[in-house]
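Let's take a walk through this fold together, from the overall make-up down to a single side chain. Have the model open and follow along.

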Amino acid sequence: MSPVPQNPDSPSRNQISVLLIGPDERRRRAVADALSGCPIGQIREYSAYPADLDDLPNMLGQQCDVVIVDLDADPEYALDVVESIYAFGSATVIVCSAEANLELAVRCMRAGAREFLTLPLNPATIADALARISIRGSSTHTARKTARKLFVFMGAKGGCGVTTIAANFAVSLAQESGQSTLLIDLGLPLGDAALNLGMVTEYSTFNALENSSRLDASFLSTLLARHTSGLSVLAAPSEFPPNQPPVETLDKLLTVARQNFDYVVIDAGSRMELKDARFFDESAILYLVTQVGVTELRNSNRMIGQFFASRGPKLQIVINRYMQQTLLFDDKAIEKALTRAIDWRVPDDYATARRTQNAATPLAMEDSPISRAIRRMARKACGLPEVEAKKGGFGLFGWASRGLNKMKTSDAEEDDSRSIGSSPIMDPTKP
């Protein structure tokens, strides 16, 4: 970051502060030179796009009114940066490019940019753009209370319970955070997230993907179903689609979804063929759902080592159907197989899971060991502290007591986040 000399005769009070982001030194200096004659305040420069989009709030700082992003170094990632700036705060985004590309300009506007300027910049052109921004003021986009986030759930193999956890996580996230939340079921061809939530839907992901050319916020809204919890759902098709959608259409669906929802939850099933889609990018928090079995731990080991080893804390390991008494391995052996620590343990409660599934009632809407574990995940995901629910009611949801069973604190529940001390029977890292 390097400061740009300011006009000493220009007062700094109530003036626009500007941040330039662009890897190309020559283009960045040209933009700075064009700005030098404008009556603005502080100008800062960053010589690279942020490696982690979650770092943008620190990059923007408290007093950043306008961000100018150079698109040409990496247009696709630059669009992600634009979208994230719009999502994170009140800064207005200007994009600049050497190409007067109408399609690119439309994509930038959809991502949240307010102005599209063509290089080389005329000082009068950028002055006019800043004037329009100044007139619009802060009314165009107020600062968000929370950063928009993407959560992707994937299973080490089929049958690990990905859909149950993803769907109930989404319900809990919508209820606990109070923010707009969307669940997208990519369990093609016949995903059952909507069925898990007791919903009958008219449209599906197939309708969105086959009409990708007209996919925008308005069209997407017509395809969504609304759950009683406040969660929006884009269900999987209930019939076999004629073809598999290309990755590009999935990327567009995700872009539109993230622009319009605070939280987007993806049920990706066990579809590793989608690993190149944008919902696997570094900004996503990926929950890898597995079980304590030789096949599941072996698959998890391979997936982590080959695809997700560099994700750090943005890869969360979820052990589903965790029951201390029946485990073949202790936690030390499990973590050796996974090559990383276990983040979440969802206890085994077959009776409750089966009953709620047959009744098409979300686990998250009642009290059980499973729902409590998933609720803790959701609260952590949206930055809320862990809160103990009161007996006889649902303090976390703010619901009145409905005569449901009082919460229990059995030994098994107390141990659901604690290591067990048994010795491993076999090495799950070996096929």
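How many helices and strands does the secondary structure of the chain come to? The count is 15 helices and 13 strands. Please keep in mind that this is a predicted model. The chain has 431 residues, and 53% of them count as buried. Among contacts between residues at least 6 apart in sequence, 76% join residues at least 24 apart.

**The sheet**

A good place to begin is the open sheet, in which eight strands follow the order β8-β9-β7-β10-β6-β11-β12-β13. Its pairing is mixed. At the edges are β8 (225-226) and β13 (344-347), each of which pairs on one side only.

Three of the strand pairings can be set side by side:

| Strand pair | Sense | Bridges | Residues opposite each other |
|---|---|---|---|
| β7 and β10 | parallel | five bridges | Asp 185 and Asp 267 |
| β6 and β10 | parallel | five bridges | Leu 150 and Val 264 |
| β6 and β11 | parallel | five bridges | Val 152 and Leu 286 |

In residue numbers, β7 covers 181-185 and β10 covers 263-267. Strand β6 deserves a second look: six of its seven residues are buried, so β6 is largely enclosed by the rest of the structure.

**Helices on the sheet**

Which strands does helix α6 touch as it packs on the sheet? Helix α6 (residues 162-177) touches β6 (149-155), β7, β10, β11 (285-290), β12 (315-322) and β13. The direction of α6 makes about 170° with that of β10. Helix α14 (residues 369-381) also belongs in this part of the picture, as it lies across β6, β11, β12 and β13. Relative to β13, α14 runs at about 155°.

**Two helices against each other**

Next, turn to helix α11 (residues 294-308) and helix α12 (residues 331-338), whose axes are 8 Å apart. The two pack at an angle of about 40°, and α11 and α12 are therefore oblique to each other. On the α11 side, the contact is made by Leu 297, Ser 300, Asn 301 and Ile 304. Helix α12 brings Ile 334, Ala 337 and Leu 338. What is the character of the residues in this contact? Five are nonpolar and two are polar, with no charged residue.

**The nonpolar cores**

Which residues have the most contacts inside the largest nonpolar core? They are Val 152, Met 154, Ile 184, Ile 266 and Phe 279, in a core of 46 residues. Val 152 has already come up, as the residue opposite Leu 286 in β11. The largest share of this core, five residues, comes from helix α10 (residues 247-260). Another core, of 37 residues, lies apart from the largest one, and its members include Phe 151, Phe 169, Leu 197 and Val 346.

**A closer look at one residue**

To finish, here is a single position to find in the model: Thr 255, which has its place in helix α10. Is Thr 255 buried or exposed? Its relative accessible area is 16%, and buried means under 20%, so Thr 255 is buried. Which residues is Thr 255 in contact with, leaving aside its neighbours within four places in sequence? They are Glu 83 and Arg 278.

Note on methods:
Residues numbered from 1 in each chain as written. Predicted model: local features only at pLDDT ≥ 70, side-chain atom pairs only at ≥ 80, totals over all residues. Heavy atoms only, no water. Core = buried A, V, L, I, M, F, W, Y, C linked by side-chain atoms within 4.5 Å. Buried < 20%, exposed > 50% of the residue type's maximum accessible area, 1.4 Å probe, protein only. Helix = DSSP H or I, 4+ residues; strand = E, 2+ residues; numbered from the N terminus. Pairing = 2+ DSSP bridges. Contact = heavy atoms within 4.5 Å. Axes fitted to C-alpha atoms, helices over the stretch in contact; angles between N-to-C directions. Parallel < 35°, antiparallel > 145°, perpendicular 65-115°, else oblique. Nonpolar A, V, L, I, M, F, W, Y, C, P; charged D, E, K, R; others polar.
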